[in-house]
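Notebook open, coffee poured. I want to go through the strands, the salt bridges and the surface, in that order.

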Amino acid sequence: MTDKIVIIPGCSDLNRGDQALTWETKRLAEDCGLKGDFYLTTEKNEPVSQSIGYGLNIITPIIEHPSRAFSNKENIKYGKSLKTKWGTIALVDFITSLFYFNKLTRKLIKRFLKKEKRNSIEIMENATAFFMKGGGLIQSYGGVTSTYSAYFWVYHLLLAKALKKPIYVMPNSFGPFKGPLVKSIVRKALKGCTVVTSRETLSQKMVQEELNISIDNFPDLAFYLPNAKLDRKEIFEQFDLPLDRKLVAMTMRPHRFPNSKTPKQDYELFKNEIAKFIEWLYEKGYM
């Protein structure tokens, strides 16, 4: 019987960092002797063609983000109406998700699932192992949504434990764990995993002191990426980059300033300051 290895949590090709860590998780699992079919949980309509080309099979996560039911084009400020709708969906998802932990209720609910979701649970039931890819597993800063957010992010770990599957957590960042029941949820998810690793000593210490779980510390999986066979001059010419400047790579992403009374203005200020920083770097001879 072919081994089935499930990689969690979800990831799309849009996030290059998570994509690289997912692919490295697969490569590491294969180096350790796991040969078979690899599955990656990904929400619907996410671009995943590159990951498919890398040999990953795509399956639907058992518990999905509540935004699937109510789209919102304005992603800087979430109003009370949208939060209420998402909260309602999350409550239904939470109740439904509990059925998968028990063999009898899982068998019952499978009869009512759509084909994609039923396929996912059957693959997980027959999985050889679960791998939590490297990255940032859980950061909770408190607030009304913190408890469900923690549950959402570690749900597939809890499910894997209920299915009695070995779980390998690749080097991750952990914490803070602020919010009602957040520590208990994360502790339950990590306790009993076959391997749990952090990617820096701060996270290792936080898990030890706040969750009372001893874990090992290893470098981020990105450090194990094989060198690309690229010619620097050729790449610079292809993208019209100046050969006399050192390159600086930056990650820029939206921040919603959830605790601010003026999130739109703060976001504009954020973008303007980033622009100023880029101009400063250029003046210093970087690209």
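Strands, for these notes, are DSSP runs of E with at least two residues, numbered from the N terminus. Worth jotting down too: this is a predicted model.

**Entry 1: a serine in a strand**

I looked up Ser173 first and found it in strand E6, which spans residues 167–178. Is Ser173 buried or exposed? Its relative accessible area is 14%, and the cut-off for buried is under 20%, so I log Ser173 as buried. Its side chain has a partner: a polar contact of 2.7 Å joins Ser173 to the side chain of Glu200. I then listed what Ser173 touches, skipping residues up to four places away in sequence. The list includes Gly135, Gly136, Leu137, Ile138 and Gln139, and also Arg199, Glu200 and Ser203.

**Entry 2: strand E4 and its neighbours**

Next I followed the pairing around E4. Strand E1 (residues 3–8) runs parallel to E4, with four bridges joining them. Within that pairing, Ile8 stands opposite Met132 of E4. E6 is also parallel to E4, and three bridges connect these two. Here Met132 turns up again, this time opposite Val169 in E6.

What covers E4 on its two faces was my next check. A reminder to myself: in a regular strand the side chains alternate between the two faces of the sheet. In E4, Ala129 and Phe131 are on one side, Phe130 and Met132 are on the other, and all of them are buried. I noted both faces of E4 as covered.

**Entry 3: salt bridges**

How many salt bridges does the structure hold? I get eleven. I went through a few of them.

Asp18 pairs with Lys133, with the closest N and O atoms 3.4 Å apart. Asp18 sits in helix H1 (residues 16–31) and Lys133 in the loop between strand E4 (129–132) and strand E5 (135–141), so this pair ties together parts 115 residues apart in sequence. The two ends are covered to differing degrees: Asp18 is partly exposed at 22% relative accessible area, while Lys133 counts as buried at 5%.

Glu125 and Lys110 make another salt bridge, their closest N and O atoms being 3.0 Å apart. That one links distant parts of the chain, from helix H5 (residues 115–125) for Glu125 to helix H4 (residues 103–110) for Lys110, 15 residues apart. Glu125 is partly exposed at 22% relative accessibility, and Lys110 is buried at 16%.

The third I wrote down is Glu268 with Lys271, at 3.2 Å from N to O. Why do I call this one local to a helix? Both residues are in helix H10, three residues apart, so about one helical turn separates them. Glu268 is partly exposed at 40% relative accessibility, and so is Lys271 at 36%. Back to the earlier lysine: Arg106, Lys110, Glu122 and Glu125 are joined into one network by salt bridges that share partners.

**Entry 4: the surface**

Last lookup: which residues form a nonpolar patch on the surface? I have Val248, Met250, Met252, Phe277, Ile278, Trp280 and Tyr286, with about 620 Å² of accessible area together. I placed one of them, Met252, in the loop between helix H9 (232–238) and helix H10 (263–283). Helix H10 is also where I found the Glu268 and Lys271 pair.

Technical notes
Residues numbered from 1 in each chain as written. Predicted model: local features only at pLDDT ≥ 70, side-chain atom pairs only at ≥ 80, totals over all residues. Heavy atoms only, no water. Patch = residues over 30% accessible without salt bridge, like charges linked within 9 Å, V, L, I, M, F, W, Y side chains within 5 Å. Areas by Shrake-Rupley, 256 points an atom, 1.4 Å probe, with all protein chains shown as cover. Salt bridge = Lys/Arg side-chain N within 4 Å of Asp/Glu carboxyl O. Buried < 20%, exposed > 50% of the residue type's maximum accessible area, 1.4 Å probe, protein only. Polar contact = N/O pair within 3.5 Å; in protein donor to acceptor, adjacent residues only side chain to side chain. Contact = heavy atoms within 4.5 Å. Pairing = 2+ DSSP bridges.
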